[in-house]
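Colleague: Thanks for sitting down with me over this one. Could you walk me through the side-chain contacts and the overall make-up?

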Amino acid sequence: MEKKMRFGIKSKIIIGYLIVIVCLFIAFIVLNSQISSLQKERNFIIDHDIEVHDLTNRIEKHLLDMETGQRGYIITGEASYLEPYNSAASSWEKDYNALYQLLNNNPNQQEKLEKIKGSIQDWIESAGEPTIALKKENNTKELQQFFEKDPGRRYMDDIRSQFTSFRNVEKKSTETRATELDEKNQKIKIGLYGLLLFVTLISLAIAIVLSNSIVNTIKEVTQTIKQITAAKGESKGRIKVRSNDEIKDLGIATNALLENIEERNWLQTNIAHAVTMYQGIASVDKLAEKFLFTVSEMTGASFGAFYVREENDKGDLFVKQAAFADRKGDAGRESFLIGEGLIGQAALEKRTLVINDVPDTYQLIASGLGDVKPKSIFIVPVLFEDEVIAVIELASLHEFTVLEQELISQVIETFGLTINGVIRRMEIARLLKESQAMTEELQAQSEELQTQSEELQMQSEELRMINEQLEERTKDAEEKSFELEAAKEDLEEKAHQLELNSQYKSEFLANMSHELRTPLNSILILSEMLEENAAKTLSEDEEEYARIIHSSGKDLLALINDILDLSKVESGKLDVLLAEMNMSELPDQIERNFSHVAEQKKVQLKINKAQDVPDIIHTDEKRFQQIVKNLLSNAFKFTESGSVTVSIQRVADHRLTTAMRTVDTDCWLEIAVADTGIGIPKEKHQLIFEAFQQADGATVRKYGGTGLGLSICSEFAKLLGGWISLSSEVGKGSTFTLYLPSLSNGLVDYEKVNFAYEEVAVSVEEAEPEAEITEIDHPIQPVEPSLQDDENVFQDKRVLIVDDDQRNIFALKTALAKQGMTIMTAHNGIECLEMMKNSEPFDLILMDIMMPQMDGYEAMQKIRGELKLVDLPIIALTAKAMKNDREKCLEAGASDYISKPLDLNQLFSVMRVWLVN
C-alpha cells in the first residue's frame, strides 16, 4: 500500500498566502501607475503656475522700481535714484521674455502680455525717459507742465489693470487644473477600494477553505481529549487522527503525553501513599515492616529485607530489622559490615544496584507449591545528611521497571529523614525513661536525706555526678546540633555589629562635642573678659550684656553635656549625685532665668508654690534644674500669647498610687508647667518623648529645635525616680507635670517600677555596654610648688599657642597678653615645630589636639623626641572629651590636660604651677 501523500498545514497556509500576495502585487502595479500620472500633473501645476506668478510679480516690481527711481531723481536730483531705474529697465524685458515663452501653449495670455509690454514701453517713452532728460537739463518749467498733465499715471493705471486681469486668468486656469486633478484622484480612490474588496474576497475564500481543513481535524482531536478528561484520568482511550499533517503529529504527541501523565499520576499517588503510611510509627522495626509491605505491594516485589546501621566496636554494622516473605527467619543474613558483599558495597559507594541476571545460587522465593528463582534484585541505600543509615534489598519474579525504580528512589529521598526521626524519638524516649528513673531515685534519696545527714552528703555527691553526666550529654548534644552552632555564630556577628555601632555612636558624639566646644571656648573667654571690665570702658548695661552672653554660653555648655549624658543614660553610665536642694529658692531662680524671656514674648509668667512644699529635698539638683529649664523653654517657645504657669506642690497622701508608695521617700513633689500655646494632638503624646521627635513636621519648620529636650527630661526623671506626664489639647495649651520623690535614702530601683503604667512590672533587657563618653571636668593636678612670690610669674614669659581655630587663638592671645606674656601662634603641628626650631626658646606651650596636617599628639611626640625638650611645659587643650583622652595626651608628652571650653582662672592656675616649677 502506497504511503499517503503528506500535505501539511504549513503548505496549505503558504499557498493561500502566495495567492493573496499575487493579488496584492497586481493591485500595487495598477495603483502605482495611477499615482505616477497624478504626480506628473501635480508637478506641472506646481512648477508652471508658480513660475508664471513669480515672473509676473517680478515684472511688476521692475516697473515699480522704475517709477520710484524716476520720481526720486526728479524730486531730489540725486543720481543714485537712477540706479534702480536703470537696473529695472534692463531686467524687465528678460523676465517678460521668459514669461512669454512659458505661456507658449496659451495664445490668449500671450496677447495680454503683448499689450502689457506695449503699455510699459509707452510709459518709458512718454513719461520715464523724457522727464529724466528734462531733470538732467534742469528744465523745471517743462517738468512742472508735464506733471500738471501727468500722462504717466494713466499708463501706470492701465498697466496695473492689465496685470490684474492677467493674474485672474492664470488663477482660474490653476483652479481648473486642480479640479481635474481631484476628479482623477477620486477615480483612483474608487478603483483602489474595488481592488481592496477583490483581494479581501479572495483572502476570505482561501481562509475559509484552509480553516475548514484544519479546524475539522482539530475538533476531532479536541473531542477525543474531552472524552479522556471527563473520565478523570481513568480512561485508557487514545486519539485517532486520519489526516496526514501536523494534526496527526499533535495526536501522536498527545497520546505520548497521556501515557506519561498516567505514569506520573501513578508515581505521585504511590509516593504520597508511602509518605503518609509511616506517620505516627515510633519504632524502627515496625517502620521497616510497614515500608517493606507497602513497597512490595506497589512494585510487585516478592522478597525483601531491611537493614539499619548500628555502631559497635568493629565499626558500622547493618542489622536486619524486618523482612518480607520471610521463611523461618532465613530471609537474608542477619547483619553485614559496610563493604561486605553486594549490599555492603552498595552502602559503601552510596549507590543503587539493579541486578537482572540473578545467579542460580541466589536464595529462592518460597510459595505454597514450591520455590521460585527471582529474576531481578534491587538494592538501594537510604541516606541522611550524606550518610548511609539503612539499606533495603528487594527481589522480584519480574524485572523492576524504570518507573518502579524511580518510585523507590523518590520515596527513599525523604525516608532517611523519617528513619533518623524515629531513631531520635526512640533515643529521646529512652533518655526520658532514664531521666524519670533518675528522678524517682533522687526523690527517694531526698526523703532519706531529711533524716540522715551523712546519707545527705553521699547522695549530694551522687547527685552531683549525675548532674555532671547530664551536663556532658548536654554538651555532646550541643556539639552535634548544627543549627545551634549557626545561631551562635549569628549572635556573635550581631554582637560584633552592636559593638561597632556603639563605637561609631561614641565617636560621633565626641566629634560633635569638639565642634561645639571649639567656638564656645572663644565665646566664654571673651565674654568673661568683657564681664570683668578690667579697663573700665564698658557701661553697666554692657557689663550685663557680657554676663548674659557668658551665662548663655555656660547654659549651652550644660546642654552639650546633657546630650552626652543622654548617651550615658542609654548605656547605663550616667552618675546621679544626690544632695540636698533648697526648694525655697526655686521660684526666684525661675523668675531670674525666664522673666526676660516672658517680657520679650509678652507672655505672663506665673509661679505658684504651695505652703506644704518642704524647703529641703534630696535629689540631683543639676538634673532637676535641667528638667525644669527644658519644660519652661518649650512652654515659652510654643506660646505666642497668654501665660506660662509653674505650679509647685506636694502630692497629698490620698493621691499616692500603689507604685508611689513602694518608693522609699520622704515625700512626692508635683511640678506642673502649664502654657496657653499651640497644644499637642493626643496621638502624638508618646511620640514627643522620643529622641529627635516633635509632634509635627510643621512645628520644626516654624519653631525650630531638635526634639531632644523632652527625651532628656524623660530619661533624667526616670533616673531621679519619677516621671513626666502630659495633658494637652490642640489650640488651648499643654501641661507637663513632673512627679519627683525626695530620695533621702538613695536612688529608686526604677527597673522594677514603671511609673508611666501603674502597677505593671517590666523587665529591662540587658544590652552590650556602649563606649563611655567621659567629659573631663578637671585637669591633672601636678605637685604644688613651694610657696613663693609669684605675683609677676607671667611677666615677659614666652608662650606658644598652637590651634587651628582663629577664634580660640584670638581669645587666648587677648587674655594672656593682659598678663604681660609674649604670645606666638601656630596653626598646626608642622608650624609649631618650625617656629621652635627657628625662634627663641618658649617658656610654655598651649597645644590643641585636633588639627589638620599634624595633630597635637604627633607634635608633642616630636617635641619630646626629635627636639629633646623633655622639660618644656606643654598643656594639652581639646574639645574632644573622650574617655582615656587624658592618658593618651600624657603618653604623647603633655605635661597637663584641660578640656574646652576653658575656665580662665583654671588655665591661669595650671600655667602658674608649671611656670613656677
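**Side chains and surface**

Modeller: Let me start in helix α9 (residues 402-449), where R430 and E434 lie four residues apart, about one turn of the helix. Helices (H or I, at least four residues) and strands (E, at least two) are DSSP runs, numbered from the N terminus. This is a predicted model, so local features need pLDDT of at least 70 and side-chain atom pairs count only at pLDDT 80 or more, while totals for chains, interfaces and linings use all residues. Residues are numbered from 1 along each chain as its sequence is written, and side-chain values use heavy atoms, with hydrogens and water left out.

Colleague: Good to know. Which residues are linked with R430 in a network of salt bridges?

Modeller: A salt bridge here is a side-chain nitrogen of Lys or Arg within 4 Å of a carboxyl oxygen of Asp or Glu. R430 and E434 meet this way, at 2.5 Å from N to O. The network that includes R430 also takes in E427 and E434.

Colleague: Is R430 buried, partly exposed or exposed?

Modeller: Buried means under 20% relative accessible area, exposed over 50%, and partly exposed in between (1.4 Å probe, protein chains only). Its partner E434 has 26% and is partly exposed. With a relative accessible area of 38%, R430 is partly exposed.

Colleague: What forms a salt bridge with E729, and how does that partner count at 56% relative accessibility?

Modeller: E729 itself counts as partly exposed, at 44% relative accessibility. Its closest N and O contact is 3.5 Å, and the partner is K732. At 56% relative accessibility, K732 counts as exposed.

Colleague: On to the rings: how many aromatic pairs does the structure hold?

Modeller: Rings of Phe, Tyr and Trp (its six-membered ring) pair if their centres lie within 6.5 Å; planes under 30 degrees apart count as stacked, over 60 as edge-to-face and the rest as tilted. By that rule, the number of aromatic pairs is nine.

Colleague: Why is the pair of F318 and F336 stacked, and which parts does the pair tie together?

Modeller: The ring centres of F318 and F336 are 5.2 Å apart and the planes are at 5°, so the pair is stacked. Both residues count as buried, F318 at 1% relative accessibility and F336 at 1% too. F318 lies in strand β2 (residues 315-324) and F336 in strand β3 (residues 335-337), so the pair ties together parts that are 18 residues apart in sequence.

Colleague: And which residue do ring pairs link with F318 and F336 into a cluster?

Modeller: You have just met two members of that cluster, F318 and F336. The remaining name in the cluster is Y307.

Colleague: Where does the charged end of R798 sit?

Modeller: A charge sits over a ring if NZ of Lys or CZ of Arg is within 6 Å of the ring centre and within 35 degrees of the ring normal. R623 lies over the face of F716, at 5.2 Å from the ring centre. The charged end of R798 is 4.6 Å from the centre of its ring, that of F842.

Colleague: Last one: what percentage of the 917 residues count as buried?

Modeller: For the wider picture, the secondary structure comes to 22 helices and 20 strands. Of the 917 residues of the protein, the share that counts as buried is 38%.
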